[in-house]
Structures are given as C-alpha cells and as structure tokens.
Amino acid sequence: MFDNHSHTQYSGDIPKGRGNSVRELCLSAIEKGLKGIAITDHFDIDGIRDGFFPPLDHDSVAQDIYEARAEFAGKLTVLQGIELGQATHMPEESHSQLASQPYDIVLGSVHAVRGIIDFADTDIKSMSKNEYIRLWEQYIEEMLDTIEWGNFDVLTHITYPKRYYLGNGITEFPDIKNKGREYFEPVLKAVIDKGITLECNTSGLRQAMGECLPNRDLLSFYYELGGRDITIGSDAHKAIDVGANFADAKEMLSDIGFTHLASFCLRKKDFYRISED
Ligand SMILES: [Zn+2]
Ligand SMILES: [Zn+2]
C-alpha cells in the first residue's frame, strides 16, 4: 500500500536539523513493507508570502525524489507530491506552482483561514465561544472554497482545527456527535461531486486526540453519503512515522465498508483493493 502524505526536512514547519531526508523516508517505507510513498512537503502559499514559513526549495525536493526513484527502483514507488495550503488565498500563484513540476499527487489543505497564520499558532483559548465557533465556521467555508477552486487531488485531514481546539481545552465544538452533519455534509458532498479523494490522516492516532482526521463517525457519514474515494496518509514529519497506524486505519475503513484505496501517478487516479499489501 501507499503512504500518500509525508514530509521531509524541506518542509517549512520542521526546524532545521530536525527532519529527515527523502532517502530516509523511503528506507522507512521499505522497512514498513509499503509499495509506495508520496513526498508531499508543505507549501503554505500565504504563510510563505507573509514570511511566516521559509520558501520551499521545490527543485531540491524534486532532485532528491528523482535520485530516490533511481536508487529504489523495483522496490518502492516514490511519488512527487506537494501539500498546498490555502490555495484560495493565492489562486493564480497556486495554479502556476502546480504547473511548474510534474507532480503525481497534490494534497489540498486548509491549515489557516483569513486572519490567522495556522490553527496551530492561534490562541483559541482566549477566544469567546462565539469567536471560536465562528472560526470553525470560517474553516468550513474556506474548505468549500478550496474544493470549488479544485486544482488538487486529495482533501487532507478534515477536522484539522479540532486538534488545536482540544489542545486548548475546548471540547465544545461542532463535531459529528452534535452539529457535525450540518457542518460537514456540504463539504463531503462537494468532495464527492468534484471527484476529489478524501484523506484518512492517521497523525491524530499518534497524538492526544487519539483518532484519525476525520474520525470514524465522519468517515462513516462520508460512506453513507456515497463517498468511496479514499486514501490513507501518515502525515509523517519524521521517517519513523511513515506508514504509522496503517493497519488500524485499514481495519477501520474496511469495517465501515470501504473496499478500495486511491493511488496516483502524474495526477491520474487509480484504485487498488484495501486488502492488497
Ligand atoms: Zn497538513
Ligand atoms: Zn502534512
């Protein structure tokens, strides 16, 4: 199987000297028995423009990916990907970047909404309930705008802000168990209508929240609405986390009813059986 979401030392959110190389991620993928890995370093286009993140060295990442392809040929498929954050804040520039490299897979992410840098850096606990509920609504609105913009293959880690709401001690927020359906129904329907793949991101299983993003309830809701197009990504920021918790994710998805996972090559999508190794 493929890990369709991973980050190397080039990702702007990883402090210098703390990340791993493309080669190290590939070695870990082989060790975990994966068939392929997508290298999808962060490109939070507005955060880079505003100087919050260093620019991504696209050419060096590409070079390392091509070297890894040669080194691991026959053992591992290495996909050239990118995690594009906040595309709708700079739509034209986003299109240009995507045209500048032969990407296999483009992840579409919403890490921030207009007015904040990233949910990870936002002081949510100082907000009033009305403010943080409004922030959540803004997240949903910007995700819908991103889907409408549409030049990406996989919508990543929906419910991303939940990690930071919980981290700030806020447990009262729109979730599938209360108001989730009214918030997420348009997002999930838009993903299905546009033919975009939904990601089951396992990073939450390694963190305090203890569940995938989105969680089982929301993945079941997607399935109920007719969604069958799904992929799994570890969102590894270090080599050891490549493919982490994939057995759990696969079991959960099969249990819900999913039978196939999406894979990508030069932005063309294919499906393989979830039971395949
Ligand atoms: Zn992300
Ligand atoms: Zn990521």
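A residue counts as buried when its relative accessible area is under 20%. The structure shown in these views is a predicted model.

**View 1. Tyr-132 and Tyr-165 form an edge-to-face aromatic pair.** The whole structure contains 10 aromatic pairs according to the search. In the pair shown here, the ring centres of Tyr-132 and Tyr-165 are 5.9 Å apart and the ring planes stand at 85°, so the arrangement is edge-to-face; the cut-off for this class is an angle over 60 degrees. Tyr-132 belongs to helix H5 (residues 129-149) and Tyr-165 to helix H6 (residues 160-167), so the contact ties together parts of the chain that are 33 residues apart in sequence. With a relative accessible area of 8%, Tyr-132 is buried. Tyr-165 has 0% relative accessibility and therefore also counts as buried.

**View 2. Trp-136 and Phe-184 form an edge-to-face pair.** The centres of these two rings, Trp-136 and Phe-184, are separated by 6.2 Å and their planes meet at 85°, which means that the pair is edge-to-face. Distant parts of the chain are linked by this contact, since Trp-136 is in helix H5 and Phe-184 is in helix H7 (residues 180-194), 48 residues apart. Trp-136 and Phe-184 are both buried. One aromatic cluster is formed by Phe-119, Tyr-132, Trp-136, Tyr-139, Tyr-160, Tyr-164, Tyr-165 and Phe-184, and the pairs of Tyr-132 with Tyr-165 and of Trp-136 with Phe-184 have their residues in this cluster.

**View 3. The charged end of Arg-228 sits over the ring of Tyr-223, and Lys-35 lies over the face of Tyr-272.** For Arg-228, the distance from the charged end to the centre of the Tyr-223 ring is 3.5 Å. For Lys-35, the distance to the ring centre of Tyr-272 is 5.9 Å.

**View 4. Four residues coordinate the zinc ion (ligand 2).** The donors are His-5 through NE2, His-7 through NE2, Glu-83 through OE and Asp-235 through OD, at 2.0 to 2.2 Å. Along the chain, the donors of the zinc ion (ligand 2) follow the spacing H-x1-H-x75-E-x151-D. The angles among the 4 donor atoms run from 83 to 169°, and the site is irregular; a tetrahedral site would need all angles between 85 and 135 degrees. The zinc ion (ligand 2) lies 3.4 Å from the zinc ion (ligand 1), and Glu-83 coordinates both. Two of the donors, His-7 and Asp-235, connect distant parts of the chain, 228 residues apart. His-7 is in the loop between strand E1 (2-3) and helix H1 (22-31), whereas Asp-235 is in the loop between strand E8 (230-233) and helix H9 (246-256). Both residues, His-7 and Asp-235, are buried.

**View 5. The zinc ion (ligand 1) is coordinated by Glu-83, His-111 and His-157.** Glu-83 donates through OE, and His-111 and His-157 through NE2, at 2.0 to 2.2 Å. The donor residues of the zinc ion (ligand 1) have the sequence spacing E-x27-H-x45-H. Glu-83 acts as the bridge between the zinc ion (ligand 1) and the zinc ion (ligand 2). Glu-83 is in strand E4 and His-157 is in the loop between strand E6 (154-155) and H6, so the two tie together parts that are 74 residues apart in sequence. Glu-83 is buried at 0% relative accessibility, and His-157 is buried with a relative accessible area of 1%.

**View 6. The largest pocket has a volume of about 390 Å³.** Its lining comprises 19 residues, of which Asp-13, His-42, Arg-163, Tyr-164 and His-237 are the closest to the pocket centre. Strand E3 (42-44) and H6 are the elements that give two or more residues to the lining of this pocket. H6 supplies the largest share of the pocket lining, with 3 residues.

**View 7. The largest cavity holds about 70 Å³ of space.** In the whole structure, the search finds 2 cavities of 30 Å³ or more. The residues lining the largest cavity are Asp-41, Leu-56, His-58, Val-61, Ala-62, Ile-65, Gln-80, Gly-81, Ile-82, Gln-101 and Tyr-103. Helix H3 (58-71) and strand E4 (77-85) are the elements that give two or more residues to the cavity lining. H3 gives the most to the lining of the largest cavity, namely 4 residues.

Terms used:
Residues numbered from 1 in each chain as written. Chains lettered and ligands numbered in written order. Predicted model: local features only at pLDDT ≥ 70, side-chain atom pairs only at ≥ 80, totals over all residues. Heavy atoms only, no water. Phe/Tyr/Trp six-rings, centres within 6.5 Å; stacked < 30°, edge-to-face > 60°. Buried < 20%, exposed > 50% of the residue type's maximum accessible area, 1.4 Å probe, protein only. Lys NZ or Arg CZ within 6 Å of the ring centre and 35° of its normal. Donors = N, O, S within 2.8 Å, 3.2 Å for Na, K, Ca; no water. Tetrahedral: all angles 85-135°; square planar, octahedral: opposite > 155°, others 65-115°. 1 Å grid on protein atoms, 1.4 Å probe; cavity = no way out; pocket = protein on both sides within 12 Å on 5 of 7 lines; lining within 4 Å. Points joined across faces, edges and corners; volume = space filled by probe spheres on them.
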